[in-house]
Amino acid sequence: MAGAGGGNDIQWCFSQVKGAVDDDVAEADIISTVEFNHSGELLATGDKGGRVVIFQQEQENKTQSHSRGEYNVYSTFQSHEPEFDYLKSLEIEEKINKIRWLPQKNAAQFLLSTNDKTIKLWKISERDKRPEGYNLKEEDGRYRDPTTVTTLRVPVFRPMDLMVEASPRRIFANAHTYHINSISINSDYETYLSADDLRINLWHLEITDRSFNIVDIKPANMEELTEVITAAEFHPNSCSTFVYSSSKGTIRLCDMRASALCDRHSKLFEEPEDPSNRSFFSEIISSISDVKFSHSGRYMMTRDYLSVKIWDLNMENRPVETYQVHEYLRSKLCSLYENDCIFDKFECCWNGSDSIVMTGSYNNFFRMFDRNTKRDITLEASRENNKPRTVLKPRKVCASGKRKKDEISVDSLDFNKKILHTAWHPKENIIAVATTNNLYIFQDKMN
Amino acid sequence: MLRGRRRMECTLDAQSLISISLRKIHSSRTQRGGIKLHKNLLVSYVLRNARQLYLSERYAELYRRQQHYPDGAPLLAMPTCPPPAAAAPPELAALPLPADTQDREARSCGAARGGAELLEAPVCAVPPELQRAPCRDSSPGFYRAAGSAGPGGGGGAAPGPLYAAGCDFGSGGAPHCSSRTTVLDLDTHVVTTVENGYLHQDCCSQCPCCCQPAPGLASPPPAPGTKRKYYPGQEEEEEGVEEGEPGGGGVAGGPPFAPCTKRARFEEYSAEHPQDSSNISNLISIFGSGFTGLVSRQQADSEQPLNGQLCSKQALASLGAWTRAIVAF
């Protein structure tokens, strides 16, 4: 695969792994979202327990020029708690569905995190000084008896151990009847959208008590429901354009300048179904689980159960590229339906230069497709390769027939080990890959 | 969850797929976080596809039997219940009736877009005649099936327990109202009552005749557009009637059938899976074909005779409750 800088293939090396070593996974520790910030210095993860953990990359060390800085825990906080909607007798899960970073404007960092119903804007700020020398308070905070004060002094700031604080600055609640699946910040950095199964709302980051509904696909009669919204994203450059994908495998591009309610799309991206592939599960596997614009804004990528498709925004009738992620599963759909794996929602991501796309699979495998060389690679996130700077060995799944040495047969795949969430550093060849409860960081081999 | 290393084998049995799907829907109601609309929608598609195959297999079976017993059994003669002609909407008389048995069969035979391809799948041994059937929507066929479970079951006829069991249609008693569920639409907060899987208000608005109790009848008046009611045990009678009355059919009233013979026939079919059948049938009748929109989209694509559309609308009134139930929970 061509690297970002030259014609050499990238050699991926293990860098770090975060999370418990136990095989017994606590449900709350299951990672549900991974996202680099705009500079790549910070890496945020959300989990099923409603917590957000932020890692920060160490400044590059001059003595260790052969590897980039490591990511260490920077801040951990409880973003969402479980709630109960008494009116509808529904429990609201605290699982973090998505995290999106705002671009940095000042010393503090801001991110949006969402569960099924509520979006929160968090401010993450550093404190490395504290005032000392109060007259009326002791150092530990207790109030002094005023009668014992005999002199006055001016409190001064003194350095302290770095403390990272996260505080919720805005809470955007009560706008979604159905489960929120996406949030996306507009390129104007003032507004953002949130999408649930049937509606998309537009918010202003400063205003929490109202939002605008911009897409509503709820039929007048719920009996007539045929599709739901599965993902939505703003265009990276055009602040009036966004796309949303559906469970039927279509993507609609909408322009907010056309009308207040963007129920009528400006473009509809759909590839006709191949009738020879029709099965009981055709509708399920064509449902799009993720949609991502390229950094350039010219392309978008969609992920359905078996493939990744790249679409040119100028061509609606078919994708320009299609990559099979794990076609060997096509004959196993029945079993995957039985064990619910067929409903897994895999995400996908672009590298910084839009030349490579990456997505996850089962058995802790993840796949990368180089759009230029048309080569692809399968790698595994496993603690077995955990020596830093160990180059990862490409893996191969044997679909049928004679299994070669080092290949793994489809029937041996562990479907409990799935990689749903991956993220690529915006500038470097550093990737974050989330297995069930561990976060792996891989880098390309330097030198 | 699949335990890692188990062999990935699965039999594409329509009936087990249906029961798996129904189990998924049922268990989703108790899942944390509330019902996931997306997942349930996808499961409903599988359910629809599996049901199409299931029904087409039934028809295939029926066809094969027909080949073996071309004269038909005496049981397949005229139904014993007099057609309640008075109750049928007059316009039905004017509806075009397919004179061609083959054509009707094809339409009824799950030859929907999904069904046709499924018919070609190796798992379903379908006689070549059916495979040649035009690839049209089978909506009238199976929505008739689903729909008839509602009104058809109301009367004393308590037919096809495959569809009626568990629904507690009641025998000889009140037409609809023996089982009742209340559902809440999350958005509009409208509370809807479902009776026998039949959305009360929809039913009444579209088909006043069938809402009125018909105590004198062995079976309630048929849904408008219903040419005949389908129960798995009834297939042979259907065939027989088609043969005997090519054009007449029981449009005006096609009553359904002789209850006792039907029951006997049904038991033969359901002997293998008694428990599953009743669960499947109960929820199939409610769930119909999945969300109505699936039907209407298909209908838009094909030329449907008017009676078919009327019937499906009727039949699918029952789906509303289910979708709302899904949304509500």
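**Exercise 1. Classify A:Asp406 by its relative accessibility, and then describe its backbone and its place in chain A.**

Solution. A:Asp406 has a relative accessibility of 44% and therefore counts as partly exposed, a class that lies between buried (under 20% relative accessible area) and exposed (over 50%), computed with a 1.4 Å probe on the protein chains only. This is a predicted model, in which local features need pLDDT of at least 70, side-chain atom pairs count only at pLDDT 80 or more, and totals for chains, interfaces and linings use all residues, while side-chain values use heavy atoms and leave out hydrogens and water. Residues are numbered from 1 along each chain as its sequence is written, and chains are lettered from A and ligands numbered from 1 in the order in which they are written.

Next comes the backbone. Most residues other than glycine have a negative phi. The phi of A:Asp406, however, is near 75°, which is a positive value in a residue other than glycine. A:Asp406 is placed in the loop between strand S28 (396-398) and strand S29 (407-409) of chain A; helices (H or I, at least four residues) and strands (E, at least two) are DSSP runs numbered from the N terminus. A:Lys374 likewise has a positive phi, near 65°, without being glycine, and A:Lys374 belongs to the loop between strand S26 (365-370) and strand S27 (376-380) of chain A.

**Exercise 2. Work out how strand S32 of chain A is enclosed, and which strands pair with it.**

Solution. Begin with the count: six of the six residues of strand S32 (residues 439-444) of chain A are buried, so this strand is largely enclosed by the rest of the structure. In a regular strand the side chains alternate between the two faces of the sheet. In S32(A), one side carries A:Leu439, A:Ile441 and A:Gln443, the other carries A:Tyr440, A:Phe442 and A:Asp444, and both faces are covered.

Then turn to the pairing, for which DSSP must find at least two bridges between two strands. Strand S1 (residues 12-18) of chain A is joined to S32(A) by six bridges and runs antiparallel to it; within this pair, A:Lys18 has A:Leu439 as its bridge partner. Strand S31 (residues 430-434) of chain A is also antiparallel to S32(A), with five bridges, and here A:Ala432 stands opposite A:Ile441. The connection from S31(A) to S32(A) is a hairpin through four residues.

**Exercise 3. For the open sheet that contains S2 and S5 of chain A, find the strand order and explain why one side of each edge strand has no neighbour.**

Solution. The sheet is made of four strands, in the order S2-S3-S4-S5 (chain A), with antiparallel pairing. Strand S2 (31-36) and strand S5 (71-78) of chain A are at the edges, and each has a single partner strand, so one side of each is left without a neighbour in the sheet. Neighbouring strands are turned against each other by 20° on average, direction ignored, where axes are lines fitted to C-alpha atoms, for helices over the stretch in contact, and angles run from 0 to 180 degrees between N-to-C directions. To follow one pair closely, S2(A) meets strand S3 (residues 42-47) of chain A in the antiparallel sense over five bridges, and A:Ile31 has A:Asp47 as its bridge partner.

**Exercise 4. Describe helix H1 of chain B by its length and by its burial.**

Solution. Helix H1 (residues 14-28) of chain B has 15 residues, and from its first C-alpha to its last it reaches 21 Å, close to the 21 Å expected at 1.5 Å a residue; the expected span is 1.5 Å times one less than the number of residues. Eleven of the 15 residues of H1(B) are buried, so the helix is largely enclosed by the rest of the structure. Among the buried residues are B:Ala14, B:Leu17, B:Ile18, B:Leu22 and B:Ile25.

**Exercise 5. Place A:Leu336 in chain A and decide whether it is buried or exposed.**

Solution. A:Leu336 lies in helix H2 (residues 333-338) of chain A. With a relative accessible area of 0%, A:Leu336 is buried. Its C-alpha atom is separated by 8.7 Å from that of A:Phe415, although the two residues are 79 residues apart along the chain.
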